[in-house]
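The following paragraphs lead through the structure by way of individual residues and the contacts they make. Please keep the sequence and the model in view while reading.

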Amino acid sequence: MKKIWEFFENMDEVVYVSDVDSYDLVYMNKKALELYGFQSLGELAGKKCYEILQNSSSPCSICNNQELKKDHFKEWLFYNPILEKHMMLKDTVVEEDGRRYRVEIAIDPCKQELRGNMLRGYENLEATINEGLRMALMQKTPSKTLEVLLEYMGKALGGERTYIFEKNEKGHDDNTYEWVASGVSPEKENLQDLPPEVCANWYENFSIGKHIVIKKLADIKENNPLQYDILKRQNIHSLVVVPLYDDGEAIGFYGVDNLPKESLEYASNMLQIMAHFIISSLRRRNLIRRLRDMSYCDQLTKIGNRHAMNEFIENRQRHTCLGIVYCDVTGLKRLNDSEGHEAGDRLIINACESLKRAFGGHGLFRIGGDELLAICTGMEEQELWEKTAQLKKELKEKKIHMAVGAVWETDSLAGIDRLISAAERKMYQDKAEYYRSSGIERRKEI
């Protein structure tokens with residue numbers, strides 16, 4: 001018996017079918033095979049829908065599989081970067097042999113006058129932006145919202161790469177978000193902490209409300225060789241960049257690279273309108289970060305607090321060796337009483353900095369007024385003792401009195417609470433030895 005989608009075989013519209021769960025491309029009709037350059041269905045074996053249809057290396061962030069329902073068609077409009085045209089899409093879900101399949105019919109709006117009206121409606125900038133915002137607003141976090149929006153805009157404009165740059169604390173530019181089309185090399189990791197001179201002329205334009213359009217990269221070679229070299233290394237031949245303003249100040253920019261000529265005409269308008277939404281998303285992201293920082297970060301030392309420690313323990317990698325280092329800053333009360341709490345705070349900060357230098361990269365937490373903890377997952381025993389010795393040596397050199405207790409276990413599933421308690425007991429032994437050897441009466445120091 002024929003599959004239901006085989007009835008579309010000779011339809012003069014593009015039809016494809018993919019597995020909703022695996023994204024496997026299982027069917028394309030004759031029209032679809034022809035447009036995408038395939039000779040037979042056999043060539044689709046092992047290929048994913050997002051690879052062939054959208055030129056993506058992973059499932060599309062804007063995929064609407066979860067919105068589709070059996071016996072209902074969802075209609076929407078989308079720019080296909082492979083076919084380089086806007087398409088009217090009709091999507092639904094069918095069930096065959098216990099599997100759920102996405103069936104999509106793509107209609108070329110240019111074929112009929114009625115469809116031409118739909119195209120004109122879609123090319124209306126407001127409709128394009130609203131569709132992008134709708135997809136972005138469905139996301140759970142501000143960062144995911146920004147990622148989806150960049151992907152949508154990159155595909156809608158037919159660009160190869162979309163990105164956001166933000167100024168860091170030094171006033172340099174960091175590439176914080178990025179989307180790239182399939183086959184295009186990501187550049188985000190190579191574009192961190194760019195010195196101000198790289199984009200200086202852009203920010204000069206931003207200061208007077210202008211944006212940047214480079215239609216041919218060669219046009220800037222003579223006047224801005226530094227920027228030219230950086231862009232050329234990224235294989236950029238054209239771009240549109242608009243500023244991101246917060247309280248009237250340019251805090252960064254975002255843009256799209258290597259657009260088709262027809263998109264260059266309206267890309268800047270689309271980007272400038274979307275910039276307000278991007279700023280709003282960045283503000284929400286920053287607020288969430290501040291709230292999380294307040295909830296999980298010790299405000300004095302800037303390492304984790306007890307909430308952060310509990311989360312770290314919950315999410316740690318199981319079945320790996322584990323080192324625990326329990327520390328107690330001695331003499332804190334005496335220092336607070338004699339020199340004031342500012343002096344006591346400086347002592348805690350200095351002790352924490354020594355702990356960071358020894359065990360940076362592992363879980364570091366302030367779990368009490370004078371208690372610090374390092375949880376080192378995946379650390380071998382010899383390294384733990386070496387790092388502990390390094391810590392004690394630095395504390396001695398800096399004349400910081402901090403009791404230290406360390407334990408190591410081959411399997412973290414043995415019980416991390418038990419290991420922390422064991423490290424705490426060793427810390428108290430070290431603390432008692434300090435009082436004994438120093439001749440200080442302990443009850444005066446508590």
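Arginine 292 has a relative accessible area of 43% and therefore counts as partly exposed. In this predicted model, arginine 292 takes part in a salt bridge with glutamate 311, with 2.6 Å between the closest N and O atoms. The two partners belong to distant parts of the chain, arginine 292 to helix α8 and glutamate 311 to helix α9 (residues 306-315), with their positions 19 residues apart in sequence. Glutamate 311, at a relative accessible area of 28%, is likewise classed as partly exposed, because that class covers values between 20% and 50%.

Helix α8 supplies a partner to a further salt bridge, in which arginine 283 meets aspartate 246 with the closest N and O atoms 2.5 Å apart. Since aspartate 246 lies in strand β9 (residues 239-246) and arginine 283 in helix α8, this pair ties together parts that are 37 residues apart in sequence. Aspartate 246 is partly exposed at 23% relative accessibility, and arginine 283 is partly exposed at 44%.

What else does helix α8 present at the surface? Leucine 287 is a residue of this helix, and its relative accessibility of 43% places it among the partly exposed residues. Together with Leu291 and Met294, Leu287 forms a nonpolar surface patch whose accessible area amounts to about 310 Å².

The interior is the next topic. The largest nonpolar core comprises 51 residues, and Met28 and Tyr254 have the most contacts inside it. Helix α8 (residues 261-296) contributes ten residues, the largest share of this core. Apart from this core lies another one, of 26 residues, which includes Val329, Met379, Leu391 and Ala406. Which residues surround methionine 28, once neighbours within four places in sequence are left aside? Methionine 28 is in contact with Glu9, Val15, Tyr16, Leu33, Tyr36, Phe38, Leu41, Leu44 and Leu53.

A salt bridge also joins lysine 31 and aspartate 12, whose side chains meet at 3.8 Å from N to O. Lysine 31 sits in helix α1 (residues 30-35), whereas aspartate 12 belongs to the segment before β1 (14-19); the pair thus links distant parts of the chain, 19 residues apart. With a relative accessible area of 23%, lysine 31 is partly exposed. The model contains 22 salt bridges by the rule applied. Some charged residues are joined in a network, as is the case for Asp91, Arg102 and Glu104.

Arg102 also appears in the surroundings of threonine 92. Threonine 92 is part of strand β4 (residues 85-96). Is threonine 92 buried or exposed? Its relative accessibility is 6%, so threonine 92 counts as buried, the limit for that class being under 20%. The side chain of threonine 92 reaches the backbone oxygen of histidine 72 at a distance of 2.7 Å. Beyond residues up to four places away in sequence, threonine 92 touches Leu68, Lys69, Asp71, His72, Phe73, Tyr101, Arg102 and Val103.

A polar side chain in a loop offers another buried example. Asparagine 224 is located in the loop between β8 (212-214) and α7 (225-233). Its relative accessible area of 14% makes asparagine 224 buried. A polar atom of the asparagine 224 side chain lies 3.2 Å from the backbone nitrogen of glutamine 227.

Valine 180 lies in strand β7 (residues 173-180). Excluding residues up to four places away in sequence, valine 180 touches Glu160, Arg161, Ser185 and Pro186. Between the C-alpha atoms of valine 180 and leucine 226, which are 46 residues apart along the chain, the separation is 24 Å.

Two loop residues merit attention for their backbone angles. Asparagine 235, in the loop between α7 and β9, has a phi near 60°, a positive value in a residue other than glycine. At a relative accessible area of 61%, asparagine 235 is exposed. Lysine 399 also has a positive phi, of about 55°, although it is not a glycine. Lysine 399 is placed in the loop between α12 (381-397) and β14 (402-409). Its relative accessibility of 71% means that lysine 399 counts as exposed, the threshold for that class being over 50%.

Key:
Residues are numbered from 1 along each chain as its sequence is written. This is a predicted model: local features need pLDDT of at least 70, side-chain atom pairs count only at pLDDT 80 or more; totals for chains, interfaces and linings use all residues. Side-chain values use heavy atoms; hydrogens and water are left out. A nonpolar core is a set of buried Ala, Val, Leu, Ile, Met, Phe, Trp, Tyr and Cys residues joined through side-chain atoms within 4.5 Å. Buried means under 20% relative accessible area, exposed over 50%, partly exposed in between (1.4 Å probe, protein chains only). Helices (H or I, at least four residues) and strands (E, at least two) are DSSP runs, numbered from the N terminus. Contact means heavy atoms within 4.5 Å. Patches are made of residues with over 30% relative accessible area and no salt bridge: like charges are joined within 9 Å, nonpolar side chains (Val, Leu, Ile, Met, Phe, Trp, Tyr) within 5 Å. Accessible areas come from the Shrake-Rupley method with a 1.4 Å probe; for residues, only the protein chains shown count as cover. A salt bridge is a side-chain nitrogen of Lys or Arg within 4 Å of a carboxyl oxygen of Asp or Glu. A polar contact is a pair of N or O atoms within 3.5 Å; within protein, one must be able to donate a hydrogen and the other to accept it, and residues adjacent in sequence count only if both atoms are side-chain atoms.
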